[in-house]
Amino acid sequence: MKPNKQVIKDLETEKSELSGKIERLKKFYNKVANEYNTIGHLTSISDEQCTLLGMQLNAMEDYEYYLSERIKNLKLYDD
């Protein structure tokens, strides 16, 4: 197997795992947001935790985009 092919495979695996984590985190974040919108305050987590959760979600989505671009670029030059 060519070195780039293995790197691409590893990056695709990492991206897939990250995508699953992002989806689970989004579900929890949406649950918290619905709680806030329904009763006007948070009971399951603190405001600070909610802020950190949003920041973590944004960072994970940014990294997922980076991985997608890296995979795409490696595939371009793999031929």
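The exercises below work through side-chain contacts, exposure and helix geometry in a predicted model.

Residues are numbered from 1 along each chain as its sequence is written, and side-chain values use heavy atoms, with hydrogens and water left out. Local features need pLDDT of at least 70 and side-chain atom pairs count only at pLDDT 80 or more, while totals for chains, interfaces and linings use all residues.

**Exercise 1. Find the salt bridges and state which helices they involve.**

Step 1. Apply the rule that a salt bridge is a side-chain nitrogen of Lys or Arg within 4 Å of a carboxyl oxygen of Asp or Glu; the count is then three salt bridges.

Step 2. Take lysine 75 and glutamate 12, whose closest N and O atoms are 2.9 Å apart. Lysine 75 belongs to helix 2 (residues 47-76) and glutamate 12 to helix 1 (residues 3-39), so this pair ties together parts that are 63 residues apart in sequence. Helices here are DSSP runs (H or I, at least four residues), numbered from the N terminus.

Step 3. Turn to glutamate 61 and lysine 26, which meet in a salt bridge at 3.2 Å, N to O. Because glutamate 61 lies in helix 2 and lysine 26 in helix 1, the pair ties together parts that are 35 residues apart in sequence.

Step 4. Finish with lysine 72 and glutamate 69, whose side chains form a salt bridge at 3.3 Å, N to O; both residues lie in helix 2, three residues apart, about one turn of the helix.

**Exercise 2. Decide whether lysine 75 and glutamate 12 are buried, partly exposed or exposed, and do likewise for the other salt-bridge residues.**

Step 1. Use the cut-offs: buried means under 20% relative accessible area, exposed over 50%, and partly exposed in between (1.4 Å probe, protein chains only).

Step 2. Lysine 75, at 43%, is partly exposed, and glutamate 12, at 34%, is partly exposed as well.

Step 3. Glutamate 61 has 26% and is partly exposed, as is lysine 26 at 30%. Lysine 72 is partly exposed at 45%, and glutamate 69 is partly exposed at 24%.

**Exercise 3. Locate the aromatic pair and describe its geometry.**

Step 1. Rings of Phe, Tyr and Trp (its six-membered ring) pair if their centres lie within 6.5 Å; planes under 30 degrees apart count as stacked, over 60 as edge-to-face and the rest as tilted. A search of the whole structure gives one aromatic pair.

Step 2. That pair is tyrosine 63 with tyrosine 66, which is stacked, with 5.8 Å from centre to centre and 20° between the planes.

Step 3. The two tyrosines are three residues apart in helix 2, separated by about one helical turn. An α-helix has 3.6 residues a turn, so residues three or four places apart point the same way. Tyrosine 63 is partly exposed at 34%, and tyrosine 66 is partly exposed at 41%.

**Exercise 4. Compare the span of helix 2 with the expected value, and list its buried residues.**

Step 1. The expected span of a helix is 1.5 Å times one less than its number of residues. Helix 2 has 30 residues and reaches 44 Å from its first C-alpha to its last, close to the 44 Å expected.

Step 2. The buried residues of helix 2 are Cys50, Leu53, Gly54, Leu57, Met60, Glu64, Leu67, Ile71 and Leu74.
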